[in-house]
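Dear colleague,

Please find the structure below, handed over for your study. A short account of what was found in it comes after.

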Amino acid sequence: MPDFLLLGTIELRGPGRTAVDPGPPRQRTVLSALLVDAGRWVPAETLIDRVWGEEVPARVRASLYTYASRIRRALATTAGPLPAGDGILADAPRLRRGRGGYLLDVDPGRVDVHRFQDLVDRARSTGGSDAERVALLTEAIGLWRGEPLAGVPGAWAERTRRSWEQRYIEAVLAWADAEARTGNATAVIGRLTGLVAEHPLVEPLTVALMRALHVTGRASESLTRYAALRERLAEELGTDPAAETQRVYQAILRGESVLPATATATATGAAAHPAAPVATGRAVPAQLPLQARGFTGRQRELAGLDAVLAPAVEGPAAVSALSGTAGVGKTALAVHWAHRVADRFPDGQLHVNLRGFGPSGTAVTPDEALRGFLEALGVPAQGVPADLQARVGLYRSLLAGRRVLVVLDNACDADQVRPLLPGSPGCFAVITSRDRLTGLVAAEGAHLHVLDLLTRLEAQDLLVNRLGEDRVAAEPEAVEEIVTRCARLPLALAITTARAAAQPGFPLSAVAGELRAGQGSLDAFDGGDLSTDARAVFSWSYQSLSAPSARLFRLLGLHTGPDISVPAAAALAGLEPRRAHGLLAELTRAHLLMEHAPGRYGLHDLLRVYATERLSAEESAQEREHAVGRLLMWYLHTTDATCPHFTPGRQRFPLNPLPASCRPLDFGSCEQAVTWCESERSNLVAAVHHAAATGRTAIAWRLAASLWGFFYLRSYLHDWLDTAQCALSAARLSHDRAGEARSTSDVACALAEMHRYEEAIEHFREAMAINRTLGDTHSLAEAMANLGYAYRHHGRPDRSVEYCRRALAIYRVHGRDWGREGNLWANLGDSYERLDRFDDAVACLRRALPVLRTEGDRWGEGFALDVLGTVYRRLRQHDVAVENYRRAIRTHAEIGNRFGQAHTLGNLGTAYLENTEEGKARESWRQALDILGDLDHPEAAELRSKLNAITRPRPA
């Protein structure tokens, strides 16, 4: 039995099947939103959309983090017993947080809905007997305990509920057919009777019940069921029963067998009731194209389409639009899904390629598409009206009272498809387009599904389906490289696997080598004709752009970060932000960009290559240089504007003015500065490297220096060391001594925070020597103070006192305008505490606090309060220590200093433990460990050991 139950009330099961409280409704929603994607990364934006929908609170990410922390604690209780010796929880599912969002690291088989789907899939694919299918489906159906996601509020939960209920109905229908073929139809009558009462207009349920009643000798009840269905359909939908229903009815009247001859559901994945080939007196079109070989993944999108289809079977005509970039697999998904549900549309399936984006540049007009549809519906050529409105009227009249699926592929815009939409209940239209078709969403109520790139697992599954499991399993590293270089784009993967399949004796490492050799070019992604040439496919979208949007798309090829904001794009192109926003919106509508978060845009690697190709062909070298310069200078000036909020006393360096067309951002609070740096973090790291690589040394080291406070505040130690080392190398290559001094000191600070104290001390001494040569007394004093910090944490507080005092002496000589006095007194107090000179420590810290508040140095204030708490803890003044720790935690929280929060929470836990308050100690340490785990901080391991030591049961 699974441990995580969603098919009913939300339940977690711990050791011995004991129930674990999943928390209040909102927390259950977060947990459910993670469990539906168990084992896969879920972007934070997706979680926010699932949990809060359109009512997003102001500090939603903080709320999400809080719920995630509580869920971690609940998950820990679902683990097995503690093994002897190491104190680590066994087999505990983990909730991980990373750049991609959140990952609930748990075997999907432990989640009932995934177990259910696995059993259904096995029943569908098995080549065994009906008895095997019955066993699998019986177990699957038995996992349902009531309404799924019971008690989980919100629109996402309701959509998911409808989708899962449809899957449940399909599973019951497949089970009923299998039971009937094994001669056990009596077993299904009770469950089917209940479902028919719940879903009286879902015809396949009534058909299955009619069959079961007939074969068990209750033909009169079977006919009564048919009569009730026909009456309800006429009253509520104004239509007759479908062709399959009528066929079963006629067979019962004639006393013929009504058992399904084959296990249809196991082949189609849909309800096991195939459509009759012809509806009397009507043409039944079957125009769906061949399914793409090796289709894989897209479970979320398929579920989304299913969720829209479920009510459409009983209600008004519905429209779903699949939108996405070129080559992302929109058509393959639409055709695959259409085949899965074709039996729900016994009156036919229509399909047309509207050629909205293609080599000819000539889209199919609504007139032309309607002519083809009308002829497929049995209208002779001479009977097709000449007027568009008359054609629309005839088309919709022919669909009235029928159940027809309409697939409109490759549409250019909403106007092209509006005349082709059915208007009758029971019909369904699915559209694919590179355009977002927002007009259809607003006016016609279309349901928009935006396709992203395949996940890595889906991309690997595609290779398995095309090349075989053995070949893929034999070269995992080559497979990983192929997936990466194809950017997880289905078109690129299809082209590459086609070449690999044509050469079955070639190792996949050779295929990966070809892609590697062609890096920076799309030559490797030419499938032999225009429809499978990635460059040509991208060009059809590019050619539809306005000239300003096409220019911005080209310039985006210069941006080295993973995404770009509106202000940054404006700086890159030298435009006003409002104008840039309009152009980005045009690129997004064309799916040459993806707006993955509000105001943040990205393009996948192959589109970036295409943008770079167009850039080289259409922009001068001078314009390319100017664009890069504008963007990097904008990043530098905006990052510099965050510094007063993070490190108000730290030296800032003069900057060259920005071009008139570029406007840096300004920040009214520390929270705003932190939020911007968080959103731009990856871009800022990339910008330092870009500046260094293009010879812009002054920008490289100044940008890295400006990031010092943010990286320290948020404990991004690897990014800190990486950018500082990059800046140092650039400064040395260009013989920039000021940059070398600053970057050497920054490298030392990062090393010290990573507990690499000997290396840090060496770099601080080197920085002091360079600053003496330059005569930079301010930087010399700063390096001295930091050297004192390194010595203090390296176990040499005596040397720390020496260098802190030397720095203070320089400060007194050169005046208070540097704004460093409070910080220096706080560091000196910390050194005295470590030397057990408590009176001196308190004196220094009490001298530091008012100065820090005057200087506006909240960071230093939090540090000083933490050290003061430690002094009083060691003096056994418990209440005073706790109060100072709490004030420090509040101060850290107000400026977003998460490592500071964790560090002080750890100290607070120690104070509680020393006062024999183990419960409070555990809670403080758990909170600290949640933060340190998210930060991937080296102190997490030590704290985890301390927590396990007081959590492990004591011997009797």
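The notes below cover one helix, one of its residues and the cavities.

This is a predicted model, in which local features need pLDDT of at least 70, side-chain atom pairs count only at pLDDT 80 or more, and totals for chains, interfaces and linings use all residues. Residues are numbered from 1 along each chain as its sequence is written, and side-chain values use heavy atoms, leaving out hydrogens and water.

Helices are DSSP runs (H or I, at least four residues), numbered from the N terminus. Helix α42 comprises 18 residues, 918–935; at 1.5 Å a residue (times one less than the number of residues) it should span 26 Å, and its end C-alpha atoms, 25 Å apart, agree with this. Its buried residues (under 20% relative accessible area, 1.4 Å probe, protein chains only) include Trp925, Leu929 and Leu932. Just after α42, Asp936 has a positive phi of about 55°.

Ser924 belongs to helix α42 and counts as buried because its relative accessibility is 6%. Leaving aside residues up to four places away in sequence, Ser924 touches Leu905, Leu908, Gly909 and Tyr912 (contact means heavy atoms within 4.5 Å).

A cavity is a set of points, on a 1 Å grid over the protein atoms alone, where a 1.4 Å probe fits but cannot get out; lining residues have an atom within 4 Å of a point. The count comes to eight cavities of 30 Å³ or more. The second largest cavity holds about 140 Å³ of space and is lined by 15 residues, with Cys643, Gln651, Arg652, Ala705 and Ser706 nearest its centre.

Yours faithfully

Notes
Helix = DSSP H or I, 4+ residues; strand = E, 2+ residues; numbered from the N terminus. Buried < 20%, exposed > 50% of the residue type's maximum accessible area, 1.4 Å probe, protein only. 1 Å grid on protein atoms, 1.4 Å probe; cavity = no way out; pocket = protein on both sides within 12 Å on 5 of 7 lines; lining within 4 Å. Points joined across faces, edges and corners; volume = space filled by probe spheres on them.
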